[in-house]
Amino acid sequence: MTAAIDPASPADIAELRQLYYAVYGPHYPGALGTDPAEMSRLIGDPDTLWLVARCPDTGVLVASAAIHGEPGGRVGRLEGLAVHPGHRAGGLASALTDELCRRTLGAGRLDSVYATVRTVGAGPQRVVARNGFRPLGLLANAVDLSTRESLALYARHSAGVLDRRIPVAEVPAPLDPLLRAAERSLGVDYGRTRRTAPRPVPARPAAPVDRLEMIEAPGFVRRRFRDRFPGAERWFYPLHLPNTLLVPDDDGFEVYAYLNRAGRYCSLVAAYPEPEAAAAWLEPITRALTRAGAGYVEALLPLARHDLLSTFLAQGFIPGALYPAMRPETDGDGRHDYVVMSRTAEQIDFRGVVADGPLQPYLDAYLSTWASTYLPPFEVA
């Protein structure tokens with residue numbers, strides 16, 4: 001079907017909500033398809049390109065997708081890709097994705113675009129792969145869509161961006177399976193990156209863990225976050241605005257997080273004054289978020305930060321995805337690699353994960369690292 005593709009407008013919001021309900025039912029966790037106020041804001045956001053497709057015969061809105069960026073950033077997120085169940089054989093998902101990438105990556109507005117893709121079947125993975133996206137890893141148990149699902153991370157880079165990666169001298173040895181998967185899947189080279197033992201974890205000062213306070217006041221948290229971090233270069237996770245603040249009784253640090261109660265997941269966004277201040281508290285921070293309903297907690301960390309990666313590894317976080325050349329250096333033309341570290345409090349049902357061919361090395365890498373982290377070594381008498 002040759003559909004008419006145009007930018008979304010505020011007049012489309014009612015139809016868009018009906019579309020996302022038809023595709024996901026009542027369990028869609030994103031505000032993009034459920035919250036009229038947020039949808040209106042995104043439609044008017046100069047850093048967001050939201051396109052819709054309409055049936056040429058009836059004019060009915062049958063597909064939607066957006067790429068969301070951030071002011072001054074060079075990375076975007078493909079989100080909200082939805083095609084009405086009655087129109088899935090017409091190539092609409094690929095047409096929308098291709099047009100979005102042409103108007104952003106092709107126009108030089110962004111260096112890369114990433115997408116999280118469902119793994120309940122191979123179809124969603126093949127849609128993004130046909131549009132130049134390549135797999136970066138597995139986010140196990142990442143979201144609750146009536147049942148807990150794992151997602152795959154995919155990205156598409158502009159020409160020449162991967163060639164500007166800044167070399168990393170050493171990484172903790174447990175990241176080796178992930179680096180090997182990236183070499184096999186993306187053709188990037190980590191042959192000169194040493195794999196060394198994880199560094200000792202900072203000792204936490206003697207203080208009861210129940211003195212960690214969690215504040216869920218989205219407006220207050222975001223205002224304070226903007227005061228603390230006027231630029232995005234010190235965020236763990238770009239494109240995520242926090243709605244939750246965690247602080248100890250002595251106010252020694254502040255951890256900002258995005259907690260999605262509908263999807264039962266959480267992304268750690270930033271720590272003030274520096275991540276090191278909160279590193280010793282990572283375990284009680286994670287437990288507090290788990291008690292709040294987050295069955296999955298993740299952080300995006302620079303591959304070059306051996307110390308932070310070691311701290312997360314010591315608390316049972318698994319390196320599930322590697323995003324090469326994700327963010328530009330502060331001064332210069334180089335690009336930094338990042339790692340998605342995640343921990344889930346719920347059992348992972350790998351039987352429900354469908355890994356299309358290019359994703360399989362990352363599934364194998366995750367299984368290997370998960371087993372070495374959580375399964376005791378076997379001893380032969």
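A cavity is a set of grid points where a 1.4 Å probe fits but cannot get out, and its lining residues have an atom within 4 Å of a point. The model described here is predicted.

**Enclosed space**

The structure holds three cavities of 30 Å³ or more. The largest cavity has a volume of about 130 Å³, and 13 residues line it. Among these, Phe-236, Pro-275, Ala-278, Leu-282 and Phe-312 lie nearest the centre of the cavity. Four elements each contribute at least two residues to this lining: strand S13 (265–272), helix H7 (275–279), helix H8 and helix H9 (306–314). By residue class, the lining of the largest cavity comprises 12 nonpolar residues, one polar residue and no charged residue.

**The second largest pocket**

The second largest pocket holds about 200 Å³ of space. Its lining is formed by Arg-165, Ile-166, Pro-167 and Val-168, together with Asp-189, Tyr-190, Gly-191, Arg-192 and Thr-193. Four of the lining residues of this pocket are nonpolar, two are polar and three are charged. The volumes of the two spaces and the classes of their lining residues are set out below.

| Property | Largest cavity | Second largest pocket |
|---|---|---|
| Volume | about 130 Å³ | about 200 Å³ |
| Nonpolar lining residues | 12 | four |
| Polar lining residues | one | two |
| Charged lining residues | no charged | three |

**Glu-283 in helix H8**

Helix H8, one of the elements that supply the lining of the largest cavity, spans residues 282–291 and includes Glu-283. Glu-283 has a relative accessible area of 19%; because buried means under 20%, this residue is classed as buried. Leaving out residues up to four places away in sequence, Glu-283 touches Gln-315 and Arg-343. Arg-194 stands 89 residues from Glu-283 along the chain, and the C-alpha atoms of these two residues are separated by 27 Å.

**Arg-77 in strand S4**

A second buried charged residue is Arg-77, whose relative accessible area is 16%. Arg-77 belongs to strand S4, which covers residues 75–83. The side chain of Arg-77 is joined to that of Glu-79 by a polar contact of 2.7 Å. With neighbours within four places in sequence set aside, Arg-77 is in contact with Ala-66, Ile-67 and His-68, with Val-113 and Tyr-114, and with Leu-239 and His-240.

Technical notes
Residues numbered from 1 in each chain as written. Predicted model: local features only at pLDDT ≥ 70, side-chain atom pairs only at ≥ 80, totals over all residues. Heavy atoms only, no water. Buried < 20%, exposed > 50% of the residue type's maximum accessible area, 1.4 Å probe, protein only. Contact = heavy atoms within 4.5 Å. 1 Å grid on protein atoms, 1.4 Å probe; cavity = no way out; pocket = protein on both sides within 12 Å on 5 of 7 lines; lining within 4 Å. Points joined across faces, edges and corners; volume = space filled by probe spheres on them. Polar contact = N/O pair within 3.5 Å; in protein donor to acceptor, adjacent residues only side chain to side chain.
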